[in-house]
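User: Please take a close look at one part of this model. I would like to know how one helix sits in its surroundings, and then how the rest of the chain is laid out around that part.

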Amino acid sequence: ARTPSLATGKVLKKPFFKSWDDFMNFDTTFKHRVPITLCERDLLLEKEQESTRNWDVCVDRNEIRVAKVQHGGGHITLRAWATVPGVNIYVAFFLFYSCEERVKWDKVLSGIKSVEMNAQGSDVVYSQMRIPGTTPRDFLQYRRVFLQGDGSI
C-alpha cells in the first residue's frame with residue numbers, strides 16, 4: 001500500500017485565503033480546480049482550536065466528539081475528534097489513508113480509490129458513501145496529509 005510522501009520538497013505559497021469566511025465564500029468553481037494549499041491547512045488548524053459554542057454537538061462521548069454548524073446556501077461544516085486507546089497514531093492513520101484497508105472497516109464507504117497520485121502535492125480520491133435512508137453519494141476530492149512538529153497527522 002502507498003503512504004503519502006511527507007517531504008516532497010515543494011513549498012506551498014500562503015496565504016491565499018484571508019480567513020475562514022473568505023475561504024467559505026470563495027468561488028467553488030475555482031476552489032474545486034486547485035489542490036489543497038498550506039493556507040487551507042492553517043485555516044483547518046485554526047478551526048480545530050475554536051470553541052464549539054454555537055455549534056450543534058451531535059456526538060459527545062469519551063472517545064469521539066462531532067460538532068456541526070450550518071451556513072447559508074445549505075453548507076454544513078463538520079468537526080470531529082476521536083481517540084482510539086491502545087492504537088498507535090500511525091497505524092490509525094494508515095487504516096484511514098489506505099483505500100484498501102479503509103473499506104474493510106468503514107461500513108459507510110461502499111468504495112474508495114485513488115484516481116491520481118501527487119496532483120500538485122495532493123492525491124485525488126473518488127469515494128462512494130451509502131448512508132441508510134438516503135441515496136448513495138459519490139465524492140471526488142483532493143486529499144493532502146501533513147505531519148505536524150508534535151508528530152500528529
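Analyst: What follows starts with one helix, moves to the core it shares, and ends with the sheet.

The model is predicted. The part to look at is helix α3, residues 38-49. Check its length before anything else. Helix α3 has 12 residues, and at 1.5 Å a residue these should span 16 Å. The end C-alpha atoms are 17 Å apart, which agrees.

Next, burial. Leu38, Cys39, Glu40, Asp42, Leu43 and Lys47 are the buried residues of α3. The list includes charged side-chain types, among them Glu40, Asp42 and Lys47. What do the buried residues of α3 pack against? Their partners are α1 (20-25) and β3 (76-82).

Two of these buried residues, Cys39 and Leu43, also belong to the largest nonpolar core. That core has five residues in all; the others are Phe17, Trp20 and Phe23. Both α1 and α3 give two or more residues to this core. In soluble globular proteins, nonpolar side chains tend to be buried together.

Phe17 deserves its own look. Leaving out residues up to four places away in sequence, Phe17 touches Cys39, Glu40 and Leu43. Phe17 also touches Asp22, Phe23, Phe26 and Lys31.

Now step back to the chain. It holds five helices and six strands. From the N terminus, the order of elements is α-α-α-β-β-β-α-α-β-β-β. Of the 153 residues, 27% are buried. Among contacts between residues at least 6 apart in sequence, 35% join residues at least 24 apart. The exposed area is about 11000 Å², with 54% of it supplied by carbon and sulfur atoms.

The last three strands of that order bring us to a sheet. It is open, runs β4-β5-β6, and pairs antiparallel. Strands β4 and β6 (137-143) stand at the edges with a single partner strand each, so one side of each has no neighbour in the sheet. On average, neighbouring strands are turned by 15° against each other, direction ignored.

Take the pairs in turn. Strand β4 (residues 109-119) is joined to β5 (residues 122-129) by seven bridges. Leu109 stands opposite Met129 in β5. The hairpin of β4 and β5 has two residues between the strands, and Gln120 takes a positive phi near 55° there. Strands β5 and β6 are also joined by seven bridges. In that pairing, Gln128 has Asp138 of β6 as its bridge partner.

How values were computed: Residues are numbered from 1 along each chain as its sequence is written. This is a predicted model: local features need pLDDT of at least 70, side-chain atom pairs count only at pLDDT 80 or more; totals for chains, interfaces and linings use all residues. Side-chain values use heavy atoms; hydrogens and water are left out. Helices (H or I, at least four residues) and strands (E, at least two) are DSSP runs, numbered from the N terminus. The expected span of a helix is 1.5 Å times one less than its number of residues. Buried means under 20% relative accessible area, exposed over 50%, partly exposed in between (1.4 Å probe, protein chains only). Contact means heavy atoms within 4.5 Å. A nonpolar core is a set of buried Ala, Val, Leu, Ile, Met, Phe, Trp, Tyr and Cys residues joined through side-chain atoms within 4.5 Å. Two strands pair if DSSP finds at least two bridges between them. Accessible areas come from the Shrake-Rupley method with a 1.4 Å probe; for residues, only the protein chains shown count as cover. Axes are lines fitted to C-alpha atoms, for helices over the stretch in contact, and angles run from 0 to 180 degrees between N-to-C directions.
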